[in-house]
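This briefing is a guided walk through one protein model, written for a reader who is new to looking at structures. Please keep the sequence and the 3D view open while reading, and find each residue as it is named.

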Amino acid sequence: MDLSKAFDTLTHAILFGKLSYYGIQNCELSLIQSYLGNRKQQVVIGNKFSDTLEVKAGVPQGSILGPFLFLVFINDFSFNVPTQTVLYADDTTLIRTGDNYLSVETHLNHALNCAKLWYRVNNLTINEEKTEFIYFSLKKTSLIDDCKSVNLLGIHIDTKLSWDHHITNLCKKLARITYLLRKLRSCVSLNVLIMTYYGIFHSQLLYGLRLWGGSSYAQKAFIWQKKALRAMLGLLDHDSCKQHFSKLNILSLPSMYILSNLIFVKNNPLKFSSHFHTYNTRHRSNLVTPQIRLSKSLNSHPYMQYTIFNKLPLSTRELPSRLFKTKIEAFLKMNAFYTVGEFLNSDTSCLE
């Protein structure tokens, strides 16, 4: 669900009531009231001025307090909607699982009506045009549109989680940036090109990479990364890029995916085999890979992150986080892996 002008429509009286309920009272509450109060607005067109009106709603955008006050305002939303909710700023997601399509739809429609009631009571408005339903199912049914996808925080999610829609949209952006890099090559130095690459190309690849990086469609994005490298160096279309990734200290897309998973596991300790038994087995220091039912899950990040981390020598796994990242990144840049399988079959003993 998407809200219309969310930050501009927070009613001050309701906000102050919620702040007071959460314990912000007396002088602290008066300070926030003075911060939001006595604001005026006026429209000027040419030399014509409208009447001045007092602003009784909204929080200043671009300020540190703005997002915090908005989160306080919507904090009780989840307690008033009978389904699982995920809140991220003004983007709200309702989630329901069930055994059949109709029961899920019925429950979600009820939850949506409760959500609309809560928004109406709090003087907020849902943007109906940007509010969408999407269903995920392994079963084939005419009730579910297999071609449907929705845009959630810049990630295009389809009903089968194939990531085809997301990567197709990503490749369109990468194509435009590659054209820019090719044009820039004739008027700036290689160092400036590399800075440009990291600023507008690398950042596009990195966004949401842990989710879609293990998909078979990720190869399309990797092809555009190689095209961008050729554009920066003036290489021919069929020239190999492998040695140039290492030469320019640029991570290949599979290496970026490997690194993002390793850093996540390092920063979010998971269960090792030694947590479940005391036997001195060969894999005692490995992460316990989850049980999976579908072959498709083998390439998903919840499973792949365990496999990738278990490939590392024990001494490397125990390094401090900053040194861990530096060492792994240098290893990946030096080898420029073209697939995750290539990394899993490589010799990582040099990391010890």
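In sorting the residues that line a pocket, Ala, Val, Leu, Ile, Met, Phe, Trp, Tyr, Cys and Pro count as nonpolar, Asp, Glu, Lys and Arg count as charged, and the others, Gly among them, count as polar. By that scheme, the lining of the second largest pocket in this predicted model is made up of 9 nonpolar residues and 7 polar ones, with no charged residue. The points below begin with this pocket and then turn to other parts of the chain.

**The second largest pocket and serine 215**

- The second largest pocket holds about 240 Å³ of space, and among the 16 residues that line this pocket, Gly213, Ser215, Ala218, Pro254 and Val340 are the closest to its centre.
- Two elements, α8 (218–233) and α10 (253–267), each give two or more residues to the lining of the second largest pocket.
- Serine 215, one of the residues closest to the centre of the pocket, is placed in the loop between α7 (209–212) and α8.
- Because its relative accessible area is 15%, and buried means under 20%, serine 215 counts as buried.
- A polar atom of the side chain of serine 215 lies 3.0 Å from the backbone oxygen of serine 162, and when residues up to four places away in sequence are not counted, serine 215 touches Ser162, Trp163 and Ile167.

**Two residues with a positive phi**

- Tryptophan 163, one of the residues that serine 215 touches, has a positive phi of about 70° although it is not a glycine.
- Tryptophan 163 sits in the loop between β8 (155–158) and α5 (164–184), and with a relative accessible area of 12% this tryptophan is buried.
- Asparagine 38 also is not a glycine and has a positive phi, here of about 55°, and its place is the loop between α2 (26–36) and β1 (40–41).
- Is asparagine 38 buried or exposed? Its relative accessibility is 68%, so asparagine 38 counts as exposed.

**Two helices and their buried residues**

- Phenylalanine 222 belongs to helix α8, and with a relative accessible area of 1% this residue is buried.
- Leaving aside neighbours within four places in sequence, the residues in contact with phenylalanine 222 are Phe245, Ser252, Leu253, Pro254 and Tyr338.
- Methionine 195 is 27 residues from phenylalanine 222 in sequence, and the two lie 19 Å apart in space, C-alpha to C-alpha.
- Why is helix α11 (residues 301–310) described as largely enclosed by the rest of the structure? The reason is that 8 of its 10 residues are buried, namely His301, Tyr303, Met304, Gln305, Tyr306, Ile308, Phe309 and Asn310.
- Those buried residues of α11 pack against α7, α10, α12 (314–317), α13 (321–335) and α14 (340–344).

**Aromatic pairs**

- A pair of aromatic rings is described by the distance of the centres and the angle of the planes.
- The structure holds 14 aromatic pairs, and in one of them the rings of tyrosine 21 and tyrosine 22 have centres 5.5 Å apart and planes at 70°, so this pair is edge-to-face.
- Tyrosine 21, at 70% relative accessibility, counts as exposed, whereas tyrosine 22, at 38%, counts as partly exposed.
- For tyrosine 101 and tyrosine 135, the ring centres are 4.6 Å apart and the planes are at 35°, so this pair is tilted.
- The tilted pair links distant parts of the chain, 34 residues apart, with tyrosine 101 in helix α4 (residues 101–121) and tyrosine 135 in the loop between α4 and β7 (149–152).
- Tyrosine 135 counts as buried, at 14% relative accessibility.
- Phe77, Trp118 and Tyr119 are linked into a cluster by ring pairs.

**Threonine 85 and its surroundings**

- Threonine 85 is part of strand β5 (residues 84–88), and because its relative accessibility is 18%, threonine 85 counts as buried.
- The side chains of threonine 85 and serine 78 make a polar contact of 2.7 Å.
- Once neighbours within four places in sequence are left aside, threonine 85 is in contact with Phe77, Ser78, Thr93 and Leu94, and Phe77 is one of the residues of the aromatic cluster.

Notes: Residues numbered from 1 in each chain as written. Predicted model: local features only at pLDDT ≥ 70, side-chain atom pairs only at ≥ 80, totals over all residues. Heavy atoms only, no water. 1 Å grid on protein atoms, 1.4 Å probe; cavity = no way out; pocket = protein on both sides within 12 Å on 5 of 7 lines; lining within 4 Å. Points joined across faces, edges and corners; volume = space filled by probe spheres on them. Helix = DSSP H or I, 4+ residues; strand = E, 2+ residues; numbered from the N terminus. Buried < 20%, exposed > 50% of the residue type's maximum accessible area, 1.4 Å probe, protein only. Polar contact = N/O pair within 3.5 Å; in protein donor to acceptor, adjacent residues only side chain to side chain. Contact = heavy atoms within 4.5 Å. Phe/Tyr/Trp six-rings, centres within 6.5 Å; stacked < 30°, edge-to-face > 60°.
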